[in-house]
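Q: I'm new to this one. Can you walk me through it?

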Amino acid sequence: MPHADELSRTFAALADPTRRALLAQLARGSASVGELAAPFAMTFAAVSKHLRVLQEAGLVSRGRDAQYRPASLDARPLRAAAAWIGDYRQFWADSFDALDTHLTTLTTKEQP
């Protein structure tokens, strides 16, 4: 599934709850496929597929130490996603302020 840009790849990778859980594990430090698979009822192959999606999105890098290939979090793409989401912070703040004003007006009108 090709994506036009880094942000699309990031959000596509984050769309799956298992991948978000894997990233949370990797935020605590590098881990092997076996270590990452331990909390889940899934095969190493399934975890490897999730890691491949995370790698393609640039969220995970894989090292090599003999037979040990630890996965590590690379949070740089999350910065762009957070910035994109942050652009809507003012929209939501304004929307909640308008709702608060409207509710205050309704409450004031209802009081005798």
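A: Here is a short tour, from the overall fold to the core.

A: The model is predicted: local features need pLDDT of at least 70, side-chain atom pairs count only at pLDDT 80 or more, and totals for chains, interfaces and linings use all residues. Residues are numbered from 1 along each chain as its sequence is written, and side-chain values use heavy atoms, with hydrogens and water left out.

Q: How many helices and strands does the chain have?
A: Six helices and two strands. Helices (H or I, at least four residues) and strands (E, at least two) are DSSP runs, numbered from the N terminus.

Q: What pattern do they follow along the sequence?
A: The pattern is α-α-α-α-β-β-α-α. The chain is more spread out than a compact globule, because its radius of gyration is 21 Å, well over the 13 Å that the globule rule gives for 112 residues. That radius is taken over C-alpha atoms, and the rule is 2.2 Å times the number of residues to the power 0.38.

Q: What box do the C-alpha atoms fill?
A: Roughly 75 × 30 × 25 Å, along the principal axes.

Q: New topic. What share of the residues is buried?
A: 24% of the 112 residues. Buried means under 20% relative accessible area (1.4 Å probe, protein chains only).

Q: Which helices supply the largest nonpolar core?
A: That core has 16 residues, and Leu-26, Leu-36 and Val-47 are among those touching the most other members. Helices H1 (6-14), H2 (17-26), H3 (33-37) and H4 (44-56) each supply at least two of its residues. A nonpolar core is a set of buried Ala, Val, Leu, Ile, Met, Phe, Trp, Tyr and Cys residues joined through side-chain atoms within 4.5 Å.

Q: What is Val-47 in contact with?
A: Leaving aside neighbours within four places in sequence, Val-47 contacts Leu-22, Val-33, Leu-36, Ala-37 and Met-42. Contact means heavy atoms within 4.5 Å.

Key: Buried means under 20% relative accessible area, exposed over 50%, partly exposed in between (1.4 Å probe, protein chains only).
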